[in-house]
Amino acid sequence: MEHLLEVKNLKIQFDTEEGTVYALENVSFHLNKGEILGIIGETGSGKSVTASAINRILPVPPARIVNGEIIFQGKDVLQYKREEMNKIRGKKISMIFQEPMTALNPVFKIKEQMSDVIMHHQKVNRKNAVKQATQMLEQVRIPDPEMVLDKFPHELSGGMRQRVMIATALSCEADLLIADEPTTALDVTTQDQILALIQEMRKNIDISVILITHDFGVVAEICDKVAVMYGGTVVEFTDIYTLTKKPYHPYSNGLLKAIPPVDKTIEKLNTIPGSVPNLLKPPTGCRFHPRCENALEKCKIDPPPLKEIEENHFIACYNPIKVGENNG
Amino acid sequence: MKTQDLRKEFQVRVGFLQKERKITAVDNVNLDIQQSETVGLVGESGCGKTTLGRILAGLLPATSGKFFYRGNEITEIKKKKNKQIRREIQMVFQDPFSSLNPRMTVSDILSRPLKVFKIGKNAKERTKIVLETLESVGMKTEHMSRYPHEFSGGQRQRIAVARSLIVNPAFIILDEPTSALDVSVQSQILNLMVDIKTNFQLTMLLITHDLSVARFQCDRIAVMYMGRIVVISDKEALFNSPAHPYTKILLKSIPRTDPEQRRKKAISTGEVPSLLNPPSGCYFAPRCPLKMDICETKAPELKRVNEHQTCACFAVEKEK
């Protein structure tokens, strides 16, 4: 089966005043139709850069795509001309962001912003565009769509704004939705509603979703597959059930054990010593080796490639955790 | 530590005409904290948990009400005689990027409170105290002469913790100490705080929106909703047999890290109402599955449900 999206060996660098930032190094993963893929990582792991690259919204320069392909529906997104990409972005690939207040224009009413997007991609007049916007708001379970359409972004709550963003993103029947930390700015009770909404949308309109987050709970709640990123590399890529039961990469394993559980009381948390690397000067070899308990000599020199060690279970590690010793 | 009907109101200007309106951020809070106990203050954004913390730390004056520290009333924060008490109560803030002065070295940052409270006879003795405190939070001698920007978020939070410890406090208020940190670093800081609590025999108030952090660290937990405390409970009771409907919803809303425990649909409904226009009666009533007629007219008071929990809810009271 052909994947909806396949990212192959993506390598991106940023040229800054302080030097070159080695942001992404051979990032690979894929996504099938109707799947929700979680990309999880800490600060500077490259998860947002990856998302922006797929939608081609990285500023080039300073960004430089050194290598790699992003195959979306059989074609390499990186090869599209600017005008061609403008037709795909927002129509086939949509994106929502962490802080919907900054993504929405504060001086226009929701009505204008939503219908602008619809009119840009479809041949409809304003009246019909507004009608379509109303239907979309109903779909994302906004109780009184007409009233919301007539408001400015600041008049809505954070959860409402994120619903408006999702409605706008889905208004052109996109095939892929990229959600960059969509619930990070929200309270848990609101987050719960937004996550349920994303799942419902997937079921109703069969959309594929890439969900970028630093919160493992969010991934475990709604994702089918998960790519764990660290320091600009994908270290583990598999389905969510496999990852939580038997993480092979020492980083995934350590991360899972570092999360304080809400359903039991424990005395001591597992820690990963040190902190995330500075990508101006990434460690040689495996970027995780300075913090890794399993590190070998080889890890310091040679970056491990992402390999399929069991069916649909990819890891980038020379000395993975053995079965039985893991269990996040 | 004990508060009695502590209340904080803010004047805000809203709308085109900038009409002055009053919001009650902290609404008659009564909370006791016993010696060497860690109490968690949890709630969603805007519930008033940080405001309450700042009043207790002496950074904000209360509008009305009293609070007592070891039996002394210290609501009036300007009085000189309270200086000793101020030393004993310290605060650690959420964002270690803005809570440390970027122009001061670590050594300056840590010596400043020593000078203010006249601890240590001379510079040499103060340096010794600085060094010992740095070590107790897992930092090294060579870090003394560096500036905050040279450190990672986790290290900065260690410095902020050291600054609060250096004056030998008895009570520390931690305002979201780990929410600006990555998970792998958060666990280091959480473990550190458990250690220093034992080593320095501290009493703590931990303000957090993250119930799993509270579960890891606290003995008792108070849940706030729109400025009111709705539950005070022993930790295990709160998680194992939550009484208040808000606590139940809050607990169920937290995504579990185990995909086997997935829920099929959203637990909660509605949103937190605005403090500018609060509902009459119980503030949680518009979202509450157990709502009764009385809830819309009268605000419930905190009442003891069992030996582990007090709870402000008419439905819970009735069931009992």
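A residue is buried if 20 or more other C-beta atoms lie within 10 Å of its own. A:A51 has 21 C-beta neighbours inside 10 Å, so A:A51 counts as buried. The model is predicted. Chain A has 328 residues, and chain B has 320 residues. This briefing covers the two chains, their interface, two helix pairs and some buried sites in chain A.

**Chain A overall**

- Chain A contains 12 helices and 12 strands.
- Its radius of gyration is 21 Å, close to the 20 Å from the globule rule for 328 residues, so chain A is as compact as a globular protein of that length.
- The C-alpha trace of chain A spans about 65 × 50 × 45 Å along its principal axes.
- In chain A, 48% of the residues are buried.
- Of the contacts in chain A with a separation of 6 or more, 64% join residues 24 or more positions apart.

**Chain B overall**

- Chain B contains 10 helices and 12 strands.
- Its radius of gyration is 21 Å, which agrees with the value near 20 Å for a compact globule of 320 residues.
- Along the principal axes, the C-alpha atoms of chain B fill a box of roughly 70 × 50 × 45 Å.
- In chain B, 46% of the residues are buried.
- Of the contacts in chain B with a separation of 6 or more, 63% join residues 24 or more positions apart.

**Where the chains meet**

- Contact between the chains involves 34 residues of chain B and 38 residues of chain A.
- On the chain B side, α6 (183-200), α7 (211-217), α8 (235-240) and α9 (245-253) each supply at least two residues.
- Helix α6(B) gives the most to that side, with seven residues.
- By class, the side of chain B that touches chain A has 13 nonpolar, 11 polar and 10 charged residues.

**Helix α11 of chain A**

- Helix α11(A) covers residues 250-258 and is mostly covered, with eight of its nine residues buried.
- The buried residues are A:P250, A:Y251, A:S252, A:N253, A:G254, A:L255, A:L256 and A:A258.
- Within chain A, these buried residues pack against α9 (216-222), β9 (225-230), β10 (233-239) and α10 (240-245).
- They also pack against α6 of chain B. That helix, α6(B), gives the most to the side of chain B that touches chain A.

**Helix α1 of chain A: A:K47 and A:A51**

- Helix α1(A) spans residues 47-54 and includes A:K47.
- A:A51 is also found in α1 of chain A.
- A:K47 has 28 other C-beta atoms within 10 Å, so A:K47 is buried.
- Leaving aside neighbours within four places in sequence, A:K47 is in contact with A:I39, A:G41, A:I212 and A:M229.
- A:T20 lies 27 residues from A:K47 along the chain, and their C-alpha atoms are separated by 18 Å.
- Not counting residues up to four places away in sequence, A:A51 touches A:I178, A:D180, A:I210 and A:I212.
- A:A51 and A:I212 are 161 residues apart along the chain, with their C-alpha atoms separated by 7.9 Å.
- A:I212 is thus listed among the contacts of A:K47 and of A:A51.

**Helix pair α7 and α8 in chain A**

- Helix α7(A) covers residues 158-170, and helix α8(A) covers residues 188-205.
- They pack at an angle of about 15°, with their axes 10 Å apart.
- Angles under 35 degrees count as roughly parallel, and α7(A) and α8(A) are therefore roughly parallel to each other.
- Their crossing is right-handed.
- From α7(A), the residues in contact are A:G158, A:G159, A:Q162, A:R163, A:I166 and A:L170.
- From α8(A), the partners are A:T190, A:Q193, A:I194, A:L197 and A:M201.
- By class, this contact has five nonpolar, five polar and one charged residues.

**Helix pair α3 and α4 in chain B**

- Helix α3(B) covers residues 106-116, and helix α4(B) covers residues 123-136.
- Their axes come within 10 Å and cross at roughly 115°.
- The crossing of α3(B) and α4(B) is right-handed.
- B:S107, B:L110, B:S111 and B:L114 of α3(B) meet B:R126, B:I129, B:V130 and B:T133 of α4(B).
- The residues of this contact divide into four nonpolar, three polar and one charged.

How values were computed
Residues are numbered from 1 along each chain as its sequence is written. Chains are lettered from A and ligands numbered from 1 in the order in which they are written. This is a predicted model: local features need pLDDT of at least 70, side-chain atom pairs count only at pLDDT 80 or more; totals for chains, interfaces and linings use all residues. Axes are lines fitted to C-alpha atoms, for helices over the stretch in contact, and angles run from 0 to 180 degrees between N-to-C directions. Helices (H or I, at least four residues) and strands (E, at least two) are DSSP runs, numbered from the N terminus. Angles under 35 degrees count as roughly parallel, over 145 as roughly antiparallel, 65 to 115 as roughly perpendicular and the rest as oblique. A crossing is left-handed if the near helix is turned anticlockwise from the far one by less than a right angle, and right-handed if clockwise. Two residues are in contact if their C-beta atoms, placed from the backbone, lie within 7 Å. Ala, Val, Leu, Ile, Met, Phe, Trp, Tyr, Cys and Pro count as nonpolar, Asp, Glu, Lys and Arg as charged, and the others, Gly among them, as polar. The radius of gyration is taken over C-alpha atoms; the globule rule is 2.2 Å times the number of residues to the power 0.38. A residue is buried if 20 or more other C-beta atoms lie within 10 Å of its own, exposed if 12 or fewer, and partly exposed in between; C-beta atoms are placed from the backbone.
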